[in-house]
Every structure is written in C-alpha cells, then in structure tokens.
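Hi,

Here is the structure I promised to pass on. Have a look at it first, and then read my notes below.

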Amino acid sequence: MNVALINGSSKLGQENNSKILLNFFEQKLIPHNTIFNYAVNKNPLNEEQIRELFTMDVIVIAFPLYCDAPPSHLVKMMIQIEDYSKNNTISKNLHVYIIANNGFYEGKQNEIALEIMKNWCDRAGFIYGQGIGHGAGEMLPYIKNVPLGHGPLKNLGKALDEIIKNINNKQRGENIFISPNFPYMLWRFMATNVFWNRRAKKNGISKKDIMRKL
Ligand SMILES: Cc1cc2nc3c(=O)[nH]c(=O)nc-3n(C[C@H](O)[C@H](O)[C@H](O)COP(=O)(O)O)c2cc1C
C-alpha cells in the first residue's frame, strides 16, 4: 500500500509531538508499505504533491489541536485538497486516518477536531477510517524512548495496534481517545513546574507575570 503521512504541526524544523506520533505509527506499520512524507506549515502543498496524494491508498494526518480544532494552515490544505477532488475526475477510494494530539491531559479534547476531519472527508469524497485523540502531547518528547506499548505508552501502543489493523483491512473504526498511562496529578505538577514555568522563564516571563496576565 502507498501510505501518505502528513505532519500538520506548525513546529516543523524542530521536534514536534505530531512527528513523534508519526514515528511511533511507522514503527508499527508492516514493512511492505511505501511511505510518503508531507509537511504542511506556512507553505501550501504544490499541485504535484496534491496529485500524488490522490494516488495513495491511505492518508494519515497527524496534527496538534488548536482551540479545539485543526490548525488553520492544515485547514488551508484541506480546502486545497477538497477543491482538487471536486474539480477532477479521480478515484476517491482513499481512506483517511487521523492522529491528533493536544496539550491538556484528556485526549477526549480532540473529539470536535476529529468530527471536523470526518466532515471534511465526507465533503471531499474520502472515506474517514478512524482517529486517535492523544492527550498530554507535550509529555511525548520525555517518553519517546520508552518501548511502545509499555509504561506511559501502553494506551498509545494499543490504540496504534487497532488503527493499523483497520488500515491493513481498509476498515473503519470508532475514534479512540487516550491519555498517557501516567497519574494526572503528577502530570499536572510536572507540566506546570518542569515544562510551562521553565519555558516561560526562557522567554523572559516570570511566574508572577503569568498570574498577572490571568
Ligand atoms: C495556538 C494554540 C492553540 C492550542 N489549543 C489547544 C486546545 O484547544 N486544547 C489543548 O488541549 N491544547 C491546545 N494547544 C496545545 C497543543 O495542542 C499541544 O501543545 C500539542 O502537543 C502541540 O503539538 P505539536 O508539537 O505536534 O505541534 C494549543 C497550542 C497552540 C499553540
């Protein structure tokens, strides 16, 4: 099968959580598939890339949740693809699978974004296969070397097994919403103290500034 992996993170050129999830996905995909990588950021896809996308069997789109929705640069690409699909006579037996990730702990936050992706598939004439909504996305860089399916990546391993089984059989499945296998209170403590406060400090913002802005 030809499988297109589209990375919809705006953080291209640096480590991003969508890429980590796509790497995990690739680890699980059986080797005889041919993978084509695409990235959408500020630049839209060119016509050749769009034409190429329509030769795929499966498209997997990974993206970060922005305000409960896919980011606008990805929406721009979706409109491009939808227009191309409507204006050309092409086989639309294309299955689309989604891996969304978000900053809050609960992967369920991605529910509306996955609905948006499904509606887009319906409009563009694609088959919406299934989606994964992964919470606590900013934790992924810290656990990316844990073997998939173990420890904090237990839920992700199971979700990827299911989506890959459906991809191999070109089947649809229910959306899956997961968080890392990691206690919420500990995640919250780490996210606040190790991640957000440290990042704020790096950008010249103190804890006091954050509170004042709230
Ligand atoms: C503009 C913006 C809006 C965001 N909106 C949400 C949101 O509505 N809910 C949420 O849980 N996380 C939200 N996030 C956090 C991102 O989804 C999260 O950091 C994600 O892991 C980034 O993934 P990436 O590294 O693949 O870009 C937002 C981040 C940004 C920059």
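Let's start with helix H6 (residues 154–168): its 15 residues reach 21 Å from first C-alpha to last, close to the 21 Å expected at 1.5 Å a residue. That expected span is 1.5 Å times one less than the number of residues. Helices (H or I, at least four residues) and strands (E, at least two) are DSSP runs, numbered from the N terminus.

Before going on, two practical points. This is a predicted model, so local features need pLDDT of at least 70 and side-chain atom pairs count only at pLDDT 80 or more, while totals for chains, interfaces and linings use all residues. Residues are numbered from 1 along each chain as its sequence is written.

Back to H6. Asn155, Leu156, Ala159, Leu160, Ile163 and Ile167 are its buried residues. They lie on the same side of H6 because they cover an arc of only 125 degrees around the axis, taking the directions from the axis to the C-beta atoms. Buried means 20 or more other C-beta atoms within 10 Å of the residue's own, exposed means 12 or fewer, and partly exposed is in between, with C-beta atoms placed from the backbone. Among the elements covering these residues are H1, E3 and strand E4 (95–101); contact means C-beta atoms, placed from the backbone, within 7 Å. After H6 comes Lys170, with a positive phi near 50 degrees.

Now for H3 (residues 72–87), where Leu74, Met77 and Ile81 are buried. Their arc is only 60 degrees, so they sit on the same side of H3. The other side has Ser72, Asp83, Lys86 and Asn87 exposed. Cover for the buried residues includes helix H2 (47–53), strand E3 (58–64) and helix H4 (111–124).

What about Met78 in H3, buried or partly exposed? Met78 is partly exposed, because it has 19 other C-beta atoms within 10 Å. Its C-alpha is 9.2 Å from that of Cys121, 43 residues away along the chain.

E3 turns up again in the largest nonpolar core, a set of 43 residues in which Ile59, Val60, Ile61, Val96, Ile98 and Ile99 touch the most other members. Such a core joins buried Ala, Val, Leu, Ile, Met, Phe, Trp, Tyr and Cys residues through C-beta atoms within 7 Å. E3 gives the largest share, six residues. Beyond its neighbours within four places in sequence, Ile59 contacts Ala4, Ile6, Leu53, Leu94 and Val96.

Cheers

Methods: Two residues are in contact if their C-beta atoms, placed from the backbone, lie within 7 Å.
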